[in-house]
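Here's a set of exercises to work through with the viewer open. Try each task yourself before you read the solution.

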Amino acid sequence: MNFVKPKKRLGQHFLTDQNIAFKIVESLGSDVSDVLEIGPGTGMLTQYLLKRPEINLHVIEIDRDSVAYLNENFQELKHIWLEDFLKADIAGKFNGDFSIIGNFPYNISSQIFFKVLEMRNRVPEVVGMIQKEVAERIAGKHGKKTYGILSVLLQTFYDIEYLFTVHEHVFDPPPKVKSAVIRFRRNSRTELPCDEKFFIKVVKTAFNQRRKMMRNSLKTVCENLPARFAEKRPEQLSVEDFIELCSAIEELKKM
Ligand code: SAH
């Protein structure tokens, strides 16, 4: 077999441009060793990852046909897992830190990022191709319309760079949307001064009614929001503001 028919339900859009594949692989920092590629498909990125001698490559792919293709065509690829990234015990497969790369299946990119967040202390770097709009949202700073839940949660623990835009016509089949490559690098923040679950809840609750002032959208969380936040909308708050807000609410609750 030398051809995998793309399956829509698995978000399969195979990249066809060698230069772009090379550029994505080169975007991964030079101080990496264990690397996990999510969704290698027929190995467009894999071929270049295997050429970097410092990389110990592992790939995880849900599609049986793609895995058969990889086994046949990439004998040097030693660690191939036929598994669902979202369900697999990823951190348990590595002894130390590991970086992540992939042309991600767009239908599950947010879920991939939530899982990365859970593993963040083991994942120093992520390079991924995703839908352009999602990339803009994730990389967006406060004050922008695109700033939202994932922007705040990811930017809390990662520095995020929008690297470049990729057009539809370099995929088979072409997706309906434009794509972009982004890079996350773990920042120096270790623990939050407030409870993390509470922080996530506050961010999600505020953005679920993003047009409302926070004294209204956060009523169920806190009756009397500290004055400096009460009349703000969530997109006006930086990551630091959200952390400060949560710490302030926790202090109020202790009184
Ligand atoms: N990297 C390839 C394919 C990108 S398409 C290329 O650039 O051409 C996305 C890939 O992710 C597909 O191969 C698809 O089968 C795989 N995939 C989809 N859902 C997945 C999941 N939950 N876990 C692992 N791989 C998945």
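**Exercise 1: a lysine in its setting**

In which helix does K115 lie? Once you have that, work out whether K115 is buried or exposed, and find its partners away from its sequence neighbours.

Solution. Keep in mind that this is a predicted model.

- Step 1: K115 sits in helix 4, which runs over residues 109-118.
- Step 2: look at the accessibility. The relative accessible area of K115 is 12%, and the cut-off for buried is under 20%, so K115 counts as buried.
- Step 3: list the contacts, skipping neighbours within four places in sequence. That leaves F85, L86, K87, A88 and I90 in contact with K115.
- Step 4: check one of those pairs by C-alpha distance. K115 and F85 are 30 residues apart in sequence, and 9.1 Å separates their C-alpha atoms.
- Step 5: see what the polar end of the side chain is doing. A polar atom of the K115 side chain lies 2.6 Å from the backbone oxygen of A88.

**Exercise 2: another residue of helix 4**

Is S109 buried or exposed, and which residues beyond four places in sequence is S109 in contact with?

Solution.

- Step 1: S109 belongs to helix 4 as well.
- Step 2: its relative accessible area is 3%, so S109 is buried.
- Step 3: with neighbours within four places left out, S109 is in contact with I130 and V134.

**Exercise 3: taking helix 7 apart**

Compare the reach of helix 7 with what you'd expect from its residue count, then find its cap, its buried residues and what covers them.

Solution.

- Step 1: helix 7 covers residues 196-208, 13 residues in total. From first C-alpha to last it reaches 18 Å, close to the 18 Å expected at 1.5 Å a residue.
- Step 2: at the N-terminal end, D195 acts as the cap, with a side-chain oxygen 3.3 Å from the backbone nitrogen of K197.
- Step 3: the buried residues are F198, F199, V202, V203, T205, A206 and F207.
- Step 4: for the spacing, recall that an α-helix has 3.6 residues a turn, so residues three or four places apart point the same way.
- Step 5: the cover over these buried residues includes helix 6 (149-157), helix 8 (214-217) and helix 10 (239-254).

**Exercise 4: the ligand's surroundings**

Which residues come nearest to the ligand, and how much of its accessible area does the protein cover?

Solution.

- Step 1: there are 21 residues around the ligand, and Q12, G39, E61, D84 and N103 come nearest.
- Step 2: go through polar partners of ligand nitrogen atoms. A polar side-chain atom of D84 is 2.8 Å from one, a polar backbone atom of G39 is 2.9 Å from one, and a backbone N or O atom of I62 is 3.4 Å from one.
- Step 3: on its own the ligand has 570 Å² of accessible area, and the protein covers 97% of that.

**Exercise 5: zooming out**

Why does the radius of gyration agree with a compact globule?

Solution.

- Step 1: a compact globule of 255 residues would have a radius of gyration near 18 Å; the chain has 20 Å, so the two agree.
- Step 2: add the extents. The C-alpha atoms fill a box of roughly 65 × 40 × 30 Å along the principal axes.
- Step 3: add burial. Of the 255 residues, 52% count as buried.
- Step 4: finish with the secondary structure, which is 10 helices and nine strands.

Methods
Residues numbered from 1 in each chain as written. Predicted model: local features only at pLDDT ≥ 70, side-chain atom pairs only at ≥ 80, totals over all residues. Heavy atoms only, no water. Helix = DSSP H or I, 4+ residues; strand = E, 2+ residues; numbered from the N terminus. Expected span 1.5 Å × (residues − 1). Buried < 20%, exposed > 50% of the residue type's maximum accessible area, 1.4 Å probe, protein only. Contact = heavy atoms within 4.5 Å. Polar contact = N/O pair within 3.5 Å; in protein donor to acceptor, adjacent residues only side chain to side chain. Near = heavy atom within 4 Å. Areas by Shrake-Rupley, 256 points an atom, 1.4 Å probe, with all protein chains shown as cover. Rg over C-alpha atoms; globule rule 2.2 N^0.38 Å.
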